[in-house]
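Visitor: I should be grateful for a guided account of this structure, with the reasons behind each description.
Guide: Please put your questions in turn, and each reply will set out the grounds for what is said.

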Amino acid sequence: MTAARWLALGVPLLAVLAAARLERDRRARGAALLAAVAAALGVAALNEVARQTGWYAFAPVDGAYRGMPVDLWLGWAALWGALPVLLRRFLPLPVTLGLLLWLDVVAMPALHPLVVLGPHWLVGEVVGLFAVALPAQLLGRWSADGRHLRARVLLQVAVFAALVLWFVPGVAFELGDGSWTPLTGLPRAALLTLGQVALLVATPALAAVREFAGRGGGTPYPWDPPVRLVSTGPYAYLANPMQVGAAALLLLTATLTRSLALVAATVLAVAFSAAVARPHEEHDLIRRHGDAWRDWRRAVRDWWPRWQPYASGAPAVLRLDAGCRPCVGVWRFLARRDPVNLTIAPAEEGQMRAGYTGGDGHTERGVAAVARSLEHLNLGWAWVGWTLRLPGMTWLAQLVTDAMIAPPHPAGGKRCPTPSDACSTARSPRSAGTASPASRPAPSPPPPA
């Protein structure tokens, strides 16, 4: 069995190293690593299912995690993740999946007695191929070639969520203290409440991922970053919203599961981010964005958020229908709170609902536009705006708004009684101070009653 374990690890790793010499592109190599991580998480989850279904099992050996030999696990992740991504120019996806299935069908019986196969082990192979290998390959190939931005962002979120919420706690419980028992023993209502609390904790991180994709044109993965500097959304308040969100979720899980080992893992993750990842990230961002990044980093901290947002570039514009009573109420609400780098103006004739246009040209409509404008007030209201823009929440809020508050209708293009009135549709001149990170445009006064 020892020779089989060495071969199961050594052959895939040597193949990955050889393929990496053929694929010199740094982005493609990073994508192969991401695919390997996704495959490793998927294989670990597949092993948990196999333990319950009896598809296959492993002989009790040293160096195992949850009954699975670590060397087989890593070799499996390399074969299902990194290697085909590095060889994607020679191996189309259907050919890759066929070869992986053939290889497993040949290798799994040959690994007996290390691998003990159940009567339905081929079912497990097919499930693993389509539930683990296929998503890992799609994520790796799309990331390497810069395709399907939204899809690869969703896959990355799934991988990172599994890492933070399941795998890291599981390793901490296995090697240290704590367990899932305190959580699984809670009533359903308590679990639902905890899920909502966790979602609120994760909201800035999820909003930051969306900001990366929507306004930056990239993903959170360091080898697949945004092409444009992102200093809006959560990044107007905090430099590391995703890292802070992950650390907060780990600490929340550690508290609920009473695991000191998970607290230690969180501390190590934060230390790694600050000591190892941060210098690499800063060097790359300075090279790509220069003074714009330096100005933003002087004003925004790593781990402690600002109360008011950092302002950069041209002011955003929120257009509201001055003839709509709820819209006027929103206008007055925002104007009283002195929004940062936001101009409020009447909707143009024929425009439906509210409309938001960022200084970079990014647009939102309806409830999403109002949610965007909340980001210009302070951290508390920005959090409300990020929550409103969670997947599904915007649709639900818009549905309620249309049905009960203000049905969709075109703005009437109201005339301004005087040239100095707040309903002027002329673009507000940018003051000399708006180039400063701490500056803000003059607040838009409320519309006439």
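**Reasons behind the descriptions**

Visitor: How many positive and negative side chains does the protein have, and what separates the centres of the two sets?
Guide: The protein has 41 positive and 27 negative side chains, and 5 Å lies between the centres of the two sets. Please bear in mind that this is a predicted model.

Visitor: What describes the protein as a whole?
Guide: The C-alpha trace spans about 90 × 50 × 40 Å along its principal axes. Its secondary structure consists of 15 helices and eight strands. Of the 449 residues, 44% are buried. The exposed surface comes to about 22,400 Å², with carbon and sulfur atoms supplying 67% of it. When contacts between residues at least 6 apart in sequence are considered, 73% of them join residues at least 24 apart.

Visitor: What makes a set of residues a nonpolar core, and which residues have the most contacts inside the largest one?
Guide: Membership requires a buried residue of a listed kind, such as Val, Leu, Phe, Trp or Tyr, joined to others through side-chain atoms within 4.5 Å. The largest core in this protein has 35 residues, and the most contacts inside it belong to Val43, Tyr56, Phe58, Leu72, Trp73, Trp76 and Trp80. Two or more residues come from each of α2 (26-53), β1 (56-58), α3 (70-86), α4 (93-110), α5 (121-145) and α6 (149-175). Helix α2 gives the largest share, nine residues.

Visitor: Which residues does Leu72 touch, apart from its neighbours within four places in sequence?
Guide: Leu72 is in contact with Arg5, Ala8, Phe58, Leu111, Leu114 and Val115 once those neighbours are set aside.

Visitor: Why is the pair Cys324 and Cys327 not called a disulfide?
Guide: The two sulfur atoms would have to be within 2.5 Å of each other. The sulfur of Cys324 is 3.0 Å from that of Cys327, its closest cysteine sulfur, and therefore too far for a bond. Cys327 is likewise in no disulfide, and the structure as a whole holds zero.

Visitor: Why are Cys324 and Cys327 called buried?
Guide: The term applies under 20% relative accessible area. Cys324 has 5%, so it is buried. Cys327 has 13%, so it is buried as well.

Visitor: What is notable about the peptide bond from His112 to Pro113?
Guide: That bond is cis, with omega near 15 degrees. Pro113 is placed in the loop between α4 and β4 (115-117).

Visitor: What is the sign of phi in Arg66, and why is this residue called partly exposed?
Guide: Phi of Arg66 is positive, near 55 degrees, in a residue other than glycine. Arg66 belongs to the loop between β2 (64-65) and β3 (68-69). Partly exposed residues fall between the buried limit of 20% and the exposed limit of 50%. Arg66 has 31% relative accessibility, and therefore counts as partly exposed.

Visitor: Is Asn341 buried or exposed, and how do you know?
Guide: At a relative accessible area of 5%, Asn341 is under the 20% limit and is therefore buried. It sits in the loop between α12 (325-336) and β6 (342-346). Although not a glycine, Asn341 has a positive phi of about 60 degrees.

Visitor: Why is Val11 called partly exposed?
Guide: Val11 has a relative accessible area of 49%; exposed residues must be over 50%, so Val11 is partly exposed. Val11 is part of helix α1 (residues 2-22). Its C-alpha is 7.9 Å from that of Gly75, with their positions 64 residues apart in sequence.

Visitor: Why is Leu163 called partly exposed, and what does it touch?
Guide: Its relative accessibility of 28% lies between 20% and 50%, so Leu163 counts as partly exposed. Leu163 lies in helix α6. Neighbours within four places aside, its contacts are Leu41, Val168 and Pro169. The C-alpha atoms of Leu163 and Ala38 are 9.2 Å apart, while the two residues are 125 residues apart along the chain.

Visitor: Why is Tyr237 called buried, and where does it lie?
Guide: The relative accessible area of Tyr237 is 1%, under the 20% limit, so Tyr237 is buried. Tyr237 is found in the loop between α8 (188-216) and α9 (241-257). Its C-alpha is separated by 35 Å from that of Ser179, which is 58 residues away along the chain.

Note on methods. Residues numbered from 1 in each chain as written. Predicted model: local features only at pLDDT ≥ 70, side-chain atom pairs only at ≥ 80, totals over all residues. Heavy atoms only, no water. Helix = DSSP H or I, 4+ residues; strand = E, 2+ residues; numbered from the N terminus. Buried < 20%, exposed > 50% of the residue type's maximum accessible area, 1.4 Å probe, protein only. Contact = heavy atoms within 4.5 Å. Areas by Shrake-Rupley, 256 points an atom, 1.4 Å probe, with all protein chains shown as cover. Lys, Arg positive; Asp, Glu negative; His and termini not counted. Charge placed at Lys NZ, Arg CZ, Asp CG, Glu CD.
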